[in-house]
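Dear colleague,

Please find below the structure that I am handing over to you, together with its sequence. A summary of the findings follows it.

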Amino acid sequence: MGSVKDLKVIKEPSENISGEGIFVFSDRYSVFDWGEMPDHIQNKGEAINILSAYFFELLEKKGIKTHYKGILFGDNEKLFTVEDLKNEIYKNKNHVNYNYKDQNRFDKMKIKLVNVYKPNLLNNNYNYDVYKIKTSNFLLPLEIIYRNKITEGSSFLKRFRENKINLLDYDLDKFPEIDVFLNKPIFDFSTKLEITDRYINRYEAQKISGLNNFEMNKLIELLMSINNIISEEYNRLGFENIDGKIEVAFDENRDFMVVDVVGTLDECRFFYEGVHLSKEILRIYYRNSEWYKDLEYAKKKDRFNWKEICKSKPEKLPEDLKKAISSIYCYVTNKIIGFDYFKNIFDLKDSIKIIKNYIVV
């Protein structure tokens, strides 16, 4: 079980042949690597699943390989596309308003499975030698963040102020202007399979993943394409694509393949008329809590056991804020896929009004 989705393994991958699995998207959420938070965001799992399916299908149409195989409904083994969902709705004239506790929802995605090789931890150091040996069918041990704009809340800015960034690693001769779109995106790398994620430069990312120079350049080209596709889709809604996370694997032929989830409000940060419309709303809300202060202190004290020594736990969200966030997830999915899958949700402007009561925008 993950913090926001579960994985059901149908067929284990072998060293050189992919397996099969099912993502079961929940209404859980996580911030600051805490794991499951005390609330559930209604319809979030279904909204994320359908939206990510839309982007996977779009990437495939543009010649980009992904691990996506289709959407599943309940325990039905039939695979659906996003277009199939649209046809189902219009065939039945209106969308069934599923009960929140009903498990028969479009909250499952069938995927190809690759191997995950965790680095060995010895004396507080990680050894990635396994990636020098394995040649295909595995997850790159990276989370890759594209950045189109550096904002005041960006971790990139925070790390720069803490003297943790060498601008030369990003081909920058000076720090970018805040809240202004970059001439070309910055690609930031962090570890994926360590106890606590840590940012690394491009050269260490290439080294720990076992990539040669040609493959690293090809990876950057792939990231550029995905970033552009996400930006184009959200620009149609008047949204700004600020930054986002992408995960990549090698398939059986050592070709890059986009995995996990892509283009959603959990993976990306978006602005709409200067307001955050993504999981960033939750991060901003909790940054003003005592729990966040305790969490930050614990992480600085012990990056391996910080959760055990954090002296407090997060509180529940206010009900109206929780409903507004739920409506935003549903609204964005409706607008990107081009039809109203979710019914009876708040208007976007009403959701924003509620959010402004709780966070500074």
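A search of the whole structure, which is a predicted model, finds 26 aromatic pairs. One of them joins F239 and Y272 in a tilted arrangement, with 5.2 Å from centre to centre and 45° between the planes. This pair links distant parts of the chain: F239 belongs to the loop between α6 (213-235) and β11 (240-250), Y272 belongs to strand β13, and 33 residues separate them. F239 counts as buried because its relative accessibility is 1%, under the 20% cut-off. Y272, at 15%, also counts as buried by that cut-off.

A stacked pair is formed by F250 and F256, whose centres are 4.9 Å apart and whose planes differ by 15°. Both F250 and F256 are buried.

There is also an aromatic cluster, made up of F32, W34, Y285, Y286, W291, Y292, W306 and Y358. Two lysines sit over rings of this cluster: K299 lies over the face of W306, at 4.7 Å from the ring centre, and the charged end of K307 is placed over the ring of W34, 4.8 Å from its centre.

Y286 is also one of the buried residues of helix α7. This helix (residues 280-287) is mostly covered, with 6 of its 8 residues buried. The elements covering these buried residues include β13, β14, α8, α10 and α11.

Finally, helices α10 (residues 319-337) and α11 (residues 348-356) pack at an angle of about 145°, their axes being 9 Å apart. The residues in this contact comprise 7 nonpolar, 2 polar and 1 charged.

Yours sincerely

Key:
Residues are numbered from 1 along each chain as its sequence is written. This is a predicted model: local features need pLDDT of at least 70, side-chain atom pairs count only at pLDDT 80 or more; totals for chains, interfaces and linings use all residues. Side-chain values use heavy atoms; hydrogens and water are left out. Axes are lines fitted to C-alpha atoms, for helices over the stretch in contact, and angles run from 0 to 180 degrees between N-to-C directions. Helices (H or I, at least four residues) and strands (E, at least two) are DSSP runs, numbered from the N terminus. Ala, Val, Leu, Ile, Met, Phe, Trp, Tyr, Cys and Pro count as nonpolar, Asp, Glu, Lys and Arg as charged, and the others, Gly among them, as polar. Buried means under 20% relative accessible area, exposed over 50%, partly exposed in between (1.4 Å probe, protein chains only). Contact means heavy atoms within 4.5 Å. Rings of Phe, Tyr and Trp (its six-membered ring) pair if their centres lie within 6.5 Å; planes under 30 degrees apart count as stacked, over 60 as edge-to-face and the rest as tilted. A charge sits over a ring if NZ of Lys or CZ of Arg is within 6 Å of the ring centre and within 35 degrees of the ring normal.
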